[in-house]
Every structure is written in structure tokens, then in C-alpha cells.
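Please read these notes with the structure open beside you. The points run from single residues to the whole chain.

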Amino acid sequence: MELDMTTDDLKAAVNRLRRAQGQLAGIIRMIEEGRDCEDVVTQLAAVSRALDRAGFAIIATGLQHCLTEQNSDAADQQELRARLEKLFLSLA
């Protein structure tokens, strides 16, 4: 399942991942500086949510892409369903 990286949904997901990357760098600095544990955990939760949202957006885009293709073979559809289910569960 290949994703079309020109879609607005994927651009938004990449932007979220870049923001999360910056947040993660900030968390590392916070830990190195000995910042308050509660502040670190709060930022970790924010990064986790950002990663989850990006992951779900990527999966949704992949699902939309798959639905627009005409896969009429039942075996292919079963395999696709299993792959998509595995992807969703990996983020749960």
C-alpha cells in the first residue's frame, strides 16, 4: 500500500511529526537540565498524542487510497483488511 505524499492529509501528518520531533528534542533538554518531572510527563503526553494523530491520519489516507482502487479479488481484500486492522491495532 503506497501513499500519495501530495495529499493535504499527508502533508498535515508530516507537519505534526516535525512538530513532535521538536517537542521530543525539548523533552530531552528538559531531562538533561533536571526539569520538573510533572512538566516532562506533560510534554511526553503531548508528543504521544501528536504521534498518534499523525499515525491515524496516515492510516486513514492509506485506507482512502485503498478504497478508491478497484480490488475485486476477494483474497486481496482479505489481505488488505488484515493489514489495515494490524495498522490500527499497532496504534491502540
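1. Start with Arg19. This residue sits in helix H1. The model is a predicted one. Arg19 has a relative accessibility of 54% and therefore counts as exposed, since the cut-off for exposed is over 50%.

2. Which residues gather with Arg19 in a patch of positive charge? They are Arg16, Arg49 and Arg53, and the patch lies on the surface. Two helices feed the patch: H1, spanning 8-32, and H2, spanning 37-68. Each of these helices gives at least two residues to the positive patch. For a place in such a patch, a residue needs over 30% relative accessible area and no salt bridge. Like charges are then joined within 9 Å.

3. Next, the nonpolar surface. Leu24, Ile28, Val41 and Leu44 make a nonpolar patch there, of about 330 Å². Which helices supply the nonpolar patch? H1 and H2 do, with at least two residues from each. Both helices also supply at least two residues each to the positive patch.

4. Look at Val41 within that nonpolar patch. Val41 belongs to helix H2. Is Val41 buried, partly exposed or exposed? Val41 counts as partly exposed, because its relative accessibility is 47%. That value falls between the 20% limit for buried and the 50% limit for exposed.

5. Thr61 gives a contrasting case. Thr61 is also a residue of helix H2. Its relative accessibility is 6%, so Thr61 counts as buried. The threshold for buried is under 20%.

6. What separation do the C-alpha atoms of Thr61 and Thr7 have? The value is 8.4 Å. Along the chain, Thr61 and Thr7 are 54 residues apart.

7. Now the fold as a whole. The protein has three helices and zero strands. Read from the N terminus, the order of elements is α-α-α.

8. How do the contacts distribute along the sequence? Take contacts in the protein between residues at least 6 apart in sequence. Of these, 65% join residues at least 24 apart.

9. Last, burial and surface. The protein has 92 residues, and 20% of them count as buried; Thr61 is one that counts as buried. The exposed area of the protein is about 6,800 Å². Carbon and sulfur atoms supply 54% of that area.

Key. Residues are numbered from 1 along each chain as its sequence is written. This is a predicted model: local features need pLDDT of at least 70, side-chain atom pairs count only at pLDDT 80 or more; totals for chains, interfaces and linings use all residues. Side-chain values use heavy atoms; hydrogens and water are left out. Patches are made of residues with over 30% relative accessible area and no salt bridge: like charges are joined within 9 Å, nonpolar side chains (Val, Leu, Ile, Met, Phe, Trp, Tyr) within 5 Å. Accessible areas come from the Shrake-Rupley method with a 1.4 Å probe; for residues, only the protein chains shown count as cover. A salt bridge is a side-chain nitrogen of Lys or Arg within 4 Å of a carboxyl oxygen of Asp or Glu. Lys and Arg count as positive and Asp and Glu as negative; His and the chain ends are not counted. The place of a charge is taken as NZ of Lys, CZ of Arg, CG of Asp or CD of Glu. Helices (H or I, at least four residues) and strands (E, at least two) are DSSP runs, numbered from the N terminus. Buried means under 20% relative accessible area, exposed over 50%, partly exposed in between (1.4 Å probe, protein chains only). Contact means heavy atoms within 4.5 Å.
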